[in-house]
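Please work through the following exercises with the sequence and the coordinates at hand. Each task is followed by a solution set out in steps.

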Amino acid sequence: MTRISQVLVALIATLAIGACGSESSRPVATGKGSIRMINAIPTSPEIGFLIEERTLDGVAYKTNSSPRDWDDLEYTFNFEVSPPFDAERTRIASQFLDVTRDIEYTFLVRGSLDAATVDVWQIPERSFDGTETIFEMRIGHAADALGSVDVYLGPEGVDPVLGEQVATLAPGEISPPSDVEEDVYVLTITSAGNPADIVYQSVPTQIIASQSVIVTVFEGDANDTAPVTVRLFNQLGSSSRVTEARFPPTTRFVHATMDLGTSDIYDDTGLQNRIVADLAFGDVTGDIELAVGEVPITATAPGNVGAILLEDTLTTFAGSRLNYYFTVLSDEIVGTQVLVDRRSVETSARLTFFHSAINHEFVDLYVVDAGTTIDDAFPRQVALNYGAQTAPVALNAGSYDVYITTIAEKTILAGPVSLEVALGDVFEAVLLDRVDPSLAEFRFLPPP
């Protein structure tokens, strides 16, 4: 064998040994762990949840991602937001984790977008066969503004007593797991060490057996009637709200049709409880507390319960807020209820409106920089139909003019309507008919 051949053989052998050594040094998975995330930043947009650079899910405030199983290896998990006016995603936090098999991991992202904190809650995975009479419970604290709290779980009518709490938690902490018999319970949260200072108290609630649940405490937002809310997440990622007992739902009434005269509004069948007096066309009430469930709504002529102008049933949901629009459908006066979204998101502003201008069945929406025309602009939304709430339009900070036009035309029905926008603003509006049927009025609703 020549010297060159000998050198080549030696080189090939060396590379082969190196390759074998590199392959054998790679970690080998022996099982899987479960991974999910909870978003606890009240003013955040949807937060992207990534394993390394691969997106797992997008997670809105007070929700969790779908649990995913991953090999028991080392990973860096990343958390990002996508500002609507920036092409680049912004990474707000990263968390290294050495995943262990058969462990359930929950990443809690809290604090602020500028200074996000990631807490990792973990517990051995647990299987249920459906015959159990207990559920596995942990209490998680995701409400930074509350500070430390005591959490009580007991039967209805039993006041919290210091020393009987099931957990005392600071923000970001979670209690150890405990097995609890399926039953109807009241969940009460107080400031730490002070059972008389109740910050949250649930309606009697039954938690179903044969599951592992995290009872998670959040700050309420503008969509909640209570300042503190509670969500329940189980090991499959299912979630439900645990309703606050002391704060009823609210409804805001908007008189949005010329076909209905000025009206009084009652929320009982006997017309004994007047909740609004003299509501005229274009008027808007504040948030009015109502009972949960099917609420009879009657509009009458002012001061005359014998002159009924509308009878309807409004369906309310515990802890939530509605707008109720008096409008017209098939030549009849009707009420249309809309679940509102008033939560402020710090990376943008939002604009929505309810289309109640029956003279213009379909319209387009333009939002342009203040002082400019729509001649060369594209509409922000098209073919918006009568009797419906529009999807939200995201806006950057600045000064704008709003126009409503005939569908697929530049024929202006309303506008320019000036709009000054700061990030985090939430604008609600209504489109109304005018006496001149060729025009419409775009009117912003005042703060409730």
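The exercises below concern a predicted model, first as a whole and then at selected residues.

**Exercise 1. Overall form**

Task: Describe the secondary structure, the extent and the contact pattern of the protein.

Solution.
Step 1. Count the elements: the protein has one helix and 34 strands.
Step 2. Consider the radius of gyration, which is 28 Å for the protein, whereas a compact globule of 448 residues would have a value near 22 Å.
Step 3. Turn to the principal axes: along them, the C-alpha atoms fill a box of roughly 105 × 65 × 35 Å.
Step 4. Examine the contacts between residues at least 6 apart in sequence; 62% of these join residues at least 24 apart.

**Exercise 2. Surface and charge**

Task: Characterise the burial, the exposed area and the charged side chains of the protein.

Solution.
Step 1. Of the 448 residues, 46% count as buried.
Step 2. The protein exposes about 20,800 Å², and carbon and sulfur atoms supply 52% of this area.
Step 3. There are 26 positive and 64 negative side chains. The centres of these two sets lie 7 Å apart.

**Exercise 3. An acidic residue in a strand**

Task: Is Glu104 buried or exposed, and with which side chain does its own side chain make a polar contact?

Solution.
Step 1. Locate the residue: Glu104 belongs to strand S7, which spans residues 103-111.
Step 2. Apply the cut-off for burial, which is under 20% relative accessible area. Glu104 is counted as buried because its relative accessibility is 7%.
Step 3. Identify the polar partner: the side chain of Arg36 makes a polar contact with the side chain of Glu104 at 3.2 Å.
Step 4. List the surroundings. Beyond its neighbours within four places in sequence, Glu104 is in contact with several residues, among them Arg36, Trp121, Glu125, Arg138 and Gln235.

**Exercise 4. Backbone geometry**

Task: Which residues does a cis peptide bond join, and what is the phi of Leu271 and of Asp278?

Solution.
Step 1. Recall the background: most residues other than glycine have a negative phi, and most peptide bonds are trans.
Step 2. The cis bond joins Gly415 and Pro416, with omega about 5 degrees. Pro416 lies in strand S32, residues 412-421.
Step 3. Leu271, although not a glycine, has a positive phi of about 55 degrees. This leucine, Leu271, sits in the loop between strand S20 (263-266) and strand S21 (274-279). Leu271 counts as buried because its relative accessible area is 14%.
Step 4. Asp278 also has a positive phi, near 55 degrees, and is a residue other than glycine. Asp278 is part of strand S21. With 47% relative accessibility, Asp278 counts as partly exposed.

**Exercise 5. Strands S20 and S21**

Task: Which residues of strand S20 and strand S21 can be used to trace contacts here, and what do Ser263 and Val276 touch?

Solution.
Step 1. Place the two residues: Ser263 lies in strand S20, and Val276 lies in strand S21.
Step 2. Assess burial. Ser263 is buried, at 2% relative accessible area, and Val276 is buried, at 8%.
Step 3. Examine Val276. Not counting residues up to four places away in sequence, Val276 touches Phe253, Ser263, Asp264, Ile265, Thr285 and Ile288.
Step 4. Examine Ser263. Outside four places in sequence, its contacts include Val276, Ala277, Asp278 and Leu279, as well as Ala299, Thr300, Pro302 and Leu309.
Step 5. Add the polar detail: a polar atom of the Ser263 side chain lies 2.8 Å from the backbone oxygen of Gly261.

**Exercise 6. Two loop residues**

Task: Are Ser65 and Asp86 buried or partly exposed, and how far are they in space from Ile35 and Thr43, respectively?

Solution.
Step 1. Ser65 is found in the loop between strand S3 (54-59) and strand S4 (68-71). Its relative accessible area is 2%, so Ser65 is buried.
Step 2. The C-alpha atoms of Ser65 and Ile35 are 8.8 Å apart, with these positions 30 residues apart in the numbering. Contacts of Ser65 beyond four places in sequence are Arg36, Met37, Phe49, Asp57 and Val59.
Step 3. Asp86 is in the loop between strand S5 (74-81) and strand S6 (90-98). At 39% relative accessibility, Asp86 is partly exposed.
Step 4. Asp86 and Thr43 are 43 residues apart in sequence, and their C-alpha atoms are 18 Å apart.

Technical notes. Residues numbered from 1 in each chain as written. Predicted model: local features only at pLDDT ≥ 70, side-chain atom pairs only at ≥ 80, totals over all residues. Heavy atoms only, no water. Helix = DSSP H or I, 4+ residues; strand = E, 2+ residues; numbered from the N terminus. Rg over C-alpha atoms; globule rule 2.2 N^0.38 Å. Buried < 20%, exposed > 50% of the residue type's maximum accessible area, 1.4 Å probe, protein only. Contact = heavy atoms within 4.5 Å. Areas by Shrake-Rupley, 256 points an atom, 1.4 Å probe, with all protein chains shown as cover. Lys, Arg positive; Asp, Glu negative; His and termini not counted. Charge placed at Lys NZ, Arg CZ, Asp CG, Glu CD. Polar contact = N/O pair within 3.5 Å; in protein donor to acceptor, adjacent residues only side chain to side chain.
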